[in-house]
Structure formats: structure tokens, C-alpha cells
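Please open the model in your viewer and keep the sequence panel at hand. The stops below are given in the order in which selections may be made.

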Amino acid sequence: MSNKWEKLQVNIDSSDNAEKDGREEQPSAATAAAEDASKQKADKGAGPIAHIDWWLKHNFPGHEYAVSFGFLGLITAILLFLIGFWRTLLVVILVTLGVAIGQKFDGDPKIFTFFHNLFRSRDER
């Protein structure tokens, strides 16, 4: 455990020296290797979701969900303009139902649990 703290101290000291010299610190070889390994893992058949996740974390660190939900809002707006409100609502309901059924078969029924908790009586709470 003390080795991690020593490495942390060394990294802090080296960043302080770089700031004093007025130059930017280049990423370490270990950081670059870890980033390359995560990209290769995303590229090696982990699926498109893993690749998109890596791309979001790499290009928008700390803002992955904002970008994802912004894109979801864009798709919803396009659907609303192209097919109308009621058809878009039907698409959203059917997709949510499909995800809920998939979660049920996966053994992790989060959507079913949410609606069960939402509509149960106050006596059961």
C-alpha cells in the first residue's frame, strides 16, 4: 500500500516541477499504454457499445452522460418532426417494453421493479 502513496507523491512532485518550469507535462508511458490497452479491448470484439463507451470517455471525459442524453434528445426531436408525437410515443413505449422484457430474461428486471414499486399500495411500503 505504501508503494502507491510513494508513486502518488512522485507524480505530484513532478507535476509541480513542470508547472514551475512553465512547460506542460507529457502523459507517462504507463498512462498511454493503459489507454491503448482499453482501446484495443474495445476494438477486439467487445461490441459496439464498448467502443462507443471508450470513445465517449476518451473525447468527453466527465461528460459522457451529457453527450449520450443530448444525442438521445436529438434522435427524439428528429422522430417527433418526422413521424409525429403519437408515433414517437409508441416507439418509445415499445422500445422500453422490449428492454424490460430483455432485462427480465437477463435476470435483472430493473424496469419491472421500478413500476412495481411505483404502483404498489402504501400498506406494502
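A residue is called buried when its relative accessible area is under 20%, exposed when that area is over 50%, and partly exposed in between. By that scale F85, at 48% relative accessibility, counts as partly exposed. The model on display is a predicted one.

**Overall view**

Begin with the whole chain in a cartoon representation. The chain contains 6 helices and 0 strands, and its pattern along the sequence reads α-α-α-α-α-α. Colouring by accessibility is useful here: 7% of the 125 residues of the chain count as buried.

**First selection: F85 and W86**

The structure holds 4 aromatic pairs. To see one of them, select F85 and W86, whose ring centres lie 4.9 Å apart with the planes at 80 degrees, so the pair is edge-to-face. The cut-off behind that label is an angle over 60 degrees between the planes. W86 counts as exposed because its relative accessibility is 66%, while F85 is partly exposed at 48%.

**Second selection: F114, F115 and F119**

Move next to F114 and F115. Their ring centres are 5.2 Å apart and their planes stand at 75 degrees, so this pair too is edge-to-face. F114 is partly exposed, with a relative accessible area of 49%; F115 is likewise partly exposed, at 40% relative accessibility. Add F119 to the selection, and a cluster appears in which ring pairs link F114, F115 and F119.

**Third selection: K104 and F112**

Which ring lies under the charged end of K104? Show both side chains: the charged end of K104 sits over the ring of F112, at 5.7 Å from the centre of that ring.

**Fourth selection: the salt bridges**

Side chains of opposite charge can pair when their charged atoms come close. The structure holds 2 salt bridges.

Select D108 and K110, whose side chains meet in one salt bridge with an N to O distance of 3.6 Å. D108 counts as partly exposed at 40% relative accessibility, whereas K110 counts as exposed at 53%.

Then select K57 and D53, where the side chains meet in a salt bridge at 3.4 Å, N to O. These two residues are 4 residues apart in helix α3, which means that about one helical turn separates K57 and D53. K57 is partly exposed, at 46% relative accessibility, and D53 is partly exposed as well, with a relative accessible area of 36%.

**Fifth selection: the largest pocket**

Keep K57 and D53 displayed, for both belong to the lining of the largest pocket. Rolling a probe the size of a water molecule over the atoms shows where empty space is left. How much space lies in the largest pocket? The value is about 370 Å³.

Extend the selection to the full lining, which consists of I49, I52, D53, W55, L56, K57, E64, Y65, V67, S68 and F71. The elements that give two or more residues to this lining are α3 (48–59) and α4 (64–83). Of these, α3 provides the largest share, with 6 residues. Colouring the lining by residue class separates it into 7 nonpolar, 1 polar and 3 charged residues.

**Last selection: T88 and I78**

Is T88 buried or exposed? Locate T88 in helix α5, which spans residues 85–106. T88 is buried, because its relative accessible area is 4%, a value under the 20% cut-off. Finally, select I78 together with T88 and draw a distance between their C-alpha atoms: the two residues are 10 apart in sequence and 9.6 Å apart in space.

Conventions:
Residues numbered from 1 in each chain as written. Predicted model: local features only at pLDDT ≥ 70, side-chain atom pairs only at ≥ 80, totals over all residues. Heavy atoms only, no water. 1 Å grid on protein atoms, 1.4 Å probe; cavity = no way out; pocket = protein on both sides within 12 Å on 5 of 7 lines; lining within 4 Å. Points joined across faces, edges and corners; volume = space filled by probe spheres on them. Nonpolar A, V, L, I, M, F, W, Y, C, P; charged D, E, K, R; others polar. Salt bridge = Lys/Arg side-chain N within 4 Å of Asp/Glu carboxyl O. Buried < 20%, exposed > 50% of the residue type's maximum accessible area, 1.4 Å probe, protein only. Phe/Tyr/Trp six-rings, centres within 6.5 Å; stacked < 30°, edge-to-face > 60°. Lys NZ or Arg CZ within 6 Å of the ring centre and 35° of its normal.
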